[in-house]
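Here are some notes for a colleague opening this entry for the first time. Please keep the structure in view and take the points in order.

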Amino acid sequence: MSVSAGSPGWYLRRLSRMGPLEVGGRVADAVRRRRWRSAPPDGPNVTGARFTAPLPAGAIAAVPPDAAKRLIADADRLMAGHAEYFGVERDDLTDPDWSYDPKTGRRAPGGYAFDVPYRDEETVGDIKQIWELSRHQYLTVLAAAYAVSGDERYAERVAEHLRSWWAANAPLRGVHWTSGIELGIRLLSWVWIRRLLDGWPGAAGLFEENPAALHQIWHHQRWLAAFPSRGSSANNHVIAEVAGQFAAACAFGWFPASARWRADALRSLERHLRGNTFGSGLNRELATEYHGLVLELGLAALAEADATGVPVPAPVRLVLLRMTDALAAIVDNRLRPPRQGDADDGHGLVVDGAGTDRWGSLLATGDAVFGRLDWWPAVTGTDVRTPLLTALIRPYADSGTAPAVSRPASRPAHFADAGMTILRGPEEIWCRCDGGPHGFLSIAAHAHADALSVEVRHDGVDVLADPGTFCYHGQPEWRRYFRSTLGHNTLQLDGGDQSVSGGPFLWTRHARSRVVVADPSGTADGGTVRWCAEHDGYQHSVHRRRVELSSSAGELRVVDEVRGPHRTVRLAFHLGPAITADLKGSRAVLTWTRDGDVRSAELDLPEELRWRAHRGESDPPLGWYSSGFGRKEPATTLVGTCFADGSGLSAEFTTVLRFGGTVLSFGSARQDPDERR
């Protein structure tokens, strides 16, 4: 049964996932919200404020010309009023309506912020569309364009829009005061806008000499200090909250409470960075885009600390180093990381134009701050953010507080704590195997029901793809599909998901996975790499998957075993959007184009299953690929189905995929009616 976020049933299920401390904290939050309903205070009277954390001399000159060119092109499009957010083109950005959702045409209501039902699309509109513009990351792009060009048109537009936003969004009024992650990212954007406009004559008048700006900055920080994300919600949201709070308390340390806010935020940042990160360096949400978001936020906070001389606890730098090494380890040959878990196109700091490689940018920054290891992949692209951040961040070896650390001597391929294994083969075959936990914390908000799923790429092209995320609120049938077991390259029993959903960001029962074998270096058997894992999500049945990749034969073999009673088995293979499939019986011929060359593969599917190709179906959804939040396109999904009598048959499934001269073997299906659990 589906329960929408905000319904009574959802609140009961959500409450069931909280511990006593979290419940107590949320009760205190509710009392504080009622108390704050009266007119908010004006804040302290600030005089003589100065901005003392500009970019060092030479930072702007270090921006590569091609990166600057991309930035200016994006800035000019913004100046003309055009932008695209989550698949929706906007042409109203010369004078935006801050409460307007261009997707539904609705405007979010005003009133006391905590009365706004922001999860209700019928009342508010698509909240992601409304919030995204007010993160003001398009204004950091315009401010960066001013910094690299000196063209005051960009600075004047930034000032015009900030004054408009401040006038339209009084503290605690309206939808932009309902979510801490939005306030935190917005504060970080304001810090960088002030820094990038430092050479503009109007910068001080816009910020430290402007009562409206001081009023807003103080109220943002007061809000974040009062309403932190707690307990089961202390995921990437809390990192954004404390990173923004810390950055503002460093760069805008003009208030009596600034020192306390700064110290509290830094303690929280250290605690939650460690709590959100496995020892291996991977993010505990097991949602790769959030790994990128948290790493960006952490680096931005570190930049503020070093720019203002605030000592940073050694674990902060160490966690960011490990996160960077882990990212370098898991990307494919085109620097694309896994498409695991939720993804909503969220960024911590945006100063680059379209076409800049996010992951290459993070690795370039990591190279400058931590030093690249010999096994790191090469980064050939350029970006604006790296020279700006690294002009502020002290290199790890020179930071003074960073301990000596043992870093991987060779490229890691198995992350035991995260349950992720990367298998690599000839012809740039890349395969991610998932045997990890079902997300993070008790609600696993950004997890998908994807236990034992695999992703396979050939030279960076999605062949067997993770379909992605597409949406969060407002379209529950699509949210269910993109999170479902059938929506991933794994096996489904009896039409159900491996884990039980209680709402769009809530799982009430989590499948438990266990990695049985992980030998991604091929040390056990002459170059054949192996992985095997199982999960208990189907309660009375166990699904086990074995994967082997022979480097000499170029063959990847995945064998799926089901032990225990079951009635229906469905095995799904989601092809990437570039793949054309011609299915005849149990064989599919796959073709695609890469760098002008037509490539092909053959997929031999289990004859014991009845195979159908699905593409772009909506009732119910099947056969889709989401390249980014709010965007989806038809893609072919091959689904094989078989029926058993439910008496406890054991089953074994195998599929073989051959790339030209390379053979890739995946789970084929055989059933032995005499083999009982």
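1. A convenient place to begin is the pairing of β8 with strand β15, which covers residues 568-574: the two run in the antiparallel sense and are joined over three bridges. Within this pair, L491 has L571 of β15 as its bridge partner. Please bear in mind from the outset that this is a predicted model.

2. The pair just described belongs to an open sheet of four strands, ordered β8-β15-β24-β19, with antiparallel pairing. The edges are taken by β8 (491-493) and β19 (610-615), and because each has a single partner strand, one side of each is left without a neighbour in the sheet. On average, and with direction ignored, neighbouring strands of this sheet are turned by 25° against each other.

3. How far can the model be trusted along the chain? The average pLDDT of the protein chain is 92, and 94% of the residues score at least 70. The stretch to treat with caution is residues 667-677, where pLDDT stays under 50, although the model has 45 contacts beyond four places in sequence for these residues. Where pLDDT is low, the predicted coordinates should not be read in detail.

4. A second open sheet has five strands, in the order β3-β4-β5-β6-β7, and its pairing is antiparallel. Its edge strands are β3 (414-415) and β7 (461-464), each of which pairs on one side only. Inside this sheet, strand β4 (residues 420-425) and strand β5 (residues 429-434) are paired in the antiparallel sense over six bridges, and I422 has R432 in β5 as its bridge partner.

5. What lies across β3, β4 and β5? The answer is helix α14, residues 314-330, which runs at about 40° to β4. The helix therefore deserves to be viewed together with the sheet of the previous point, since α14 lies across three of the strands named there, β3, β4 and β5.

6. The helix α14 also packs with helix α13 (residues 288-308), at an angle of about 140° and with the axes 10 Å apart. The two helices are therefore oblique to each other, and their crossing is left-handed. On the α13 side the contact involves H291, V294, L295, G298, L299, L302 and D306, which meet R317, L320, M323, T324, A326 and L327 of α14. By class, the residues of this contact divide into eight nonpolar, three polar and two charged.

7. Another helix pair is formed by α6 (residues 137-149) and α8 (residues 180-196), whose axes come within 9 Å and cross at roughly 10°. With that angle, α6 and α8 are therefore roughly parallel to each other, and α6 passes α8 in a left-handed crossing. The residues of α6 that take part are Q137, L139, T140, A143, A144, Y146 and A147, and they meet I185, S189, W192, I193 and L196 of α8. This contact has nine nonpolar, three polar and no charged residues.

8. Are α2 and α10 roughly parallel or roughly antiparallel to each other? Helix α2 (residues 20-36) and helix α10 (residues 211-226) pack at an angle of about 150°, with axes 11 Å apart, and they are therefore roughly antiparallel. The contact is made by D29, R32 and W36 of α2 together with R222, W223 and A226 of α10. These residues divide into three nonpolar, no polar and three charged.

9. A hairpin is worth locating as well: strand β9 (residues 500-503) and strand β10 (residues 506-509) pair in the antiparallel sense over three bridges, and the hairpin joins β9 to β10 through two residues. Here G503 has L506 in β10 as its bridge partner.

10. Two details of the backbone remain to be checked by eye. Most residues other than glycine have a negative phi, and most peptide bonds are trans. The peptide bond from D619 to P620, however, is cis, with omega near 0°, and P620 has its place in the loop between β20 (617-618) and β21 (621-622). L172, a residue other than glycine, has a positive phi near 65°, and L172 is found in the loop between α7 (152-168) and α8.

Conventions
Residues are numbered from 1 along each chain as its sequence is written. This is a predicted model: local features need pLDDT of at least 70, side-chain atom pairs count only at pLDDT 80 or more; totals for chains, interfaces and linings use all residues. Side-chain values use heavy atoms; hydrogens and water are left out. Two strands pair if DSSP finds at least two bridges between them. Contact means heavy atoms within 4.5 Å. Axes are lines fitted to C-alpha atoms, for helices over the stretch in contact, and angles run from 0 to 180 degrees between N-to-C directions. Angles under 35 degrees count as roughly parallel, over 145 as roughly antiparallel, 65 to 115 as roughly perpendicular and the rest as oblique. A crossing is left-handed if the near helix is turned anticlockwise from the far one by less than a right angle, and right-handed if clockwise. Ala, Val, Leu, Ile, Met, Phe, Trp, Tyr, Cys and Pro count as nonpolar, Asp, Glu, Lys and Arg as charged, and the others, Gly among them, as polar. pLDDT is the predictor's confidence in each residue, from 0 to 100.
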